[in-house]
Amino acid sequence: MRHARLVSIVALLALSMALVVPALAWEPTKPIEFVIPAGTGGGADQMARLIAGAAEKHRLTPQPILVVNKSGGAGAEGFLHVKAKKGDAHTIIITLSNLFTTPLATGTPFSWKDFTPVARMALDRFILWVNAETPYKTAKEYLAAVKEKGGQAKMAGTGSKQEDQIITVLLEQTQGVKFTYVPFKGGGEVCVNLVGKHVDSTVNNPAECVSHWKANRVRPLAVFDPERIPESEWKDIPTVKEALGTDIQYQMLRGIFGAPDMPKDAVAWYQGFLKKVFDTPEFQDYLHKGALKPAFATGAEYVKWVEENDKLHRNLMEKGGLIKK
């Protein structure tokens, strides 16, 4: 009888311990594929590789992160690749605003709803740049020269019917000018061609031209944002509203999505992992030097922002005649 009672007590203790000890949380069990739906050298490429580097340096993940560029079809190649990995917990993609523009411009069958929202890391600004050897010191001076050229001035941008061309069309519609838009695969390539005087201007992100700016090869004329960039080295660049009297704003997503139907415990792990990356000195320094807006968000806040910007891009592209019929 005493023996039976002892067995019962041991069994109850074991059961109680099982109830209070939580199950092991999910974590990656094989290398993480990190897809970039853009070319090398641009803002998305830089951020993705920074995330991978910070993760390795600070040992934030038990598995390596394998960064892969899939830029074909204005990023459609990358999005379709991830879309096909339903339920995969080891595939993520860094998203620009081509998450919204590419399906509208090309008719490629995907939307943001096909993927699993994970986290918004930042919002990227756009700047009107010219070659530093040109005489133009203000946006008004440059656009006056563009008007005189009657459509011959070349505006470089990343991709066709993407963010850069949307901004170019907005400039044309509001300022009464006409550009010849020249698309390139990545933002790094865009700025190199401005430095080489193969084009007359770009609307590149700050990070994509900052090294050439520091070397005095390019000149920023205006930022497409409601406020000036607060960082000390950027604060003298006027907003487009200040420079031209027209309030043209555009901010680009730098966010992370997972494969369709990514398991919830995997989503939670990535959200925690990306917040740790966001808080590293390397990432904060990157935000500062690249003049990005810190904008970490997950869950309902992130989804609401995506929904609103999906509608915004449809509206902008309809106005610009950039939606595929």
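Which residue with a positive phi follows α11? I looked this up at the outset and found A291, whose phi is near 55°. I note that the model is a predicted one.

**Entry 1. The chain as a whole**

I began with the overall figures. The protein chain holds twelve helices and eleven strands. I recorded the span of its C-alpha trace along the principal axes as about 105 × 45 × 30 Å. Of its 325 residues, 52% count as buried. I then looked at how contacts are spread along the sequence. Among contacts with a separation of 6 or more, 79% join residues that are 24 or more positions apart.

**Entry 2. Helix α11**

I returned to α11, which covers residues 281-289. Which of its residues are buried? I found F283, Y286 and L287. Viewed down the axis of α11, these buried residues fall within an arc of 100°, so they line one face of the helix. I wrote the general rule beside this. An α-helix has 3.6 residues a turn, so residues three or four places apart point the same way.

I next asked what the buried residues of α11 pack against. The list consists of two helices and two strands: α2 (43-57), α10 (264-278), β4 (116-124) and β11 (293-297).

**Entry 3. α2 against α11**

I took one of these partners, α2, for a closer look. The axes of α2 and α11 come within 9 Å of each other and cross at roughly 160°. An angle over 145 degrees counts as roughly antiparallel, and the two helices are therefore roughly antiparallel to each other. The crossing of α2 past α11 is right-handed.

I listed the residues that meet. From α2 they are G43, Q46, M47, L50, I51 and K57, and from α11 they are E282, F283 and Y286. Sorted by class, this contact has five nonpolar, two polar and two charged residues. F283 and Y286 also stand among the buried residues of α11.

**Entry 4. D45 in α2**

I stayed with α2 and selected D45, which is placed in this helix. Is D45 buried or exposed? Its relative accessibility is 6%, and residues under 20% count as buried, so D45 is buried. Leaving aside neighbours within four places in sequence, I found D45 in contact with I36, G39, T40 and N69. I also noted a distance to a residue far along the chain. G186 is 141 residues away from D45 in sequence, and their C-alpha atoms are separated by 8.9 Å.

**Entry 5. Two helices against α12**

I turned to α12, residues 299-319. Its axis and that of α4 (residues 98-106) come within 9 Å and cross at roughly 40°. That angle makes α4 oblique to α12. α4 passes α12 in a right-handed crossing. On the α4 side I listed F100, T101, L104 and A105; on the α12 side, W305, V306, N309, D310, H313, R314 and M317. These residues divide into six nonpolar, three polar and two charged.

I then examined α6, residues 163-175, which packs with α12 at an angle of about 50°, the axes being 10 Å apart. α6 and α12 are therefore oblique to each other. What is the handedness of the crossing of α6 and α12? I found it to be left-handed. Here I166, L170 and Q173 in α6 meet H313, L316, M317 and K319 in α12. The classes are four nonpolar, two polar and one charged. I observe from the two lists that H313 and M317 of α12 meet both α4 and α6.

**Entry 6. Helix α8**

How many of the nine residues of α8 are buried? I counted seven in this helix, residues 206-214, and so recorded α8 as mostly covered. The buried ones are P206, A207, E208, C209, V210, H212 and W213. Just after α8, I noted that N216 takes a positive phi of about 60°.

**Entry 7. T95 in β3**

My last entry concerns a strand. T95 lies in β3, residues 91-95. Its relative accessibility is 0%, so T95 counts as buried. Which residues does T95 touch, not counting those up to four places away in sequence? I recorded F79, L253, R254, G255, I256, F257 and Y302.

Conventions. Residues are numbered from 1 along each chain as its sequence is written. This is a predicted model: local features need pLDDT of at least 70, side-chain atom pairs count only at pLDDT 80 or more; totals for chains, interfaces and linings use all residues. Side-chain values use heavy atoms; hydrogens and water are left out. Axes are lines fitted to C-alpha atoms, for helices over the stretch in contact, and angles run from 0 to 180 degrees between N-to-C directions. Helices (H or I, at least four residues) and strands (E, at least two) are DSSP runs, numbered from the N terminus. Angles under 35 degrees count as roughly parallel, over 145 as roughly antiparallel, 65 to 115 as roughly perpendicular and the rest as oblique. A crossing is left-handed if the near helix is turned anticlockwise from the far one by less than a right angle, and right-handed if clockwise. Contact means heavy atoms within 4.5 Å. Ala, Val, Leu, Ile, Met, Phe, Trp, Tyr, Cys and Pro count as nonpolar, Asp, Glu, Lys and Arg as charged, and the others, Gly among them, as polar. Buried means under 20% relative accessible area, exposed over 50%, partly exposed in between (1.4 Å probe, protein chains only). The arc is that of the directions from the helix axis to the C-beta atoms.
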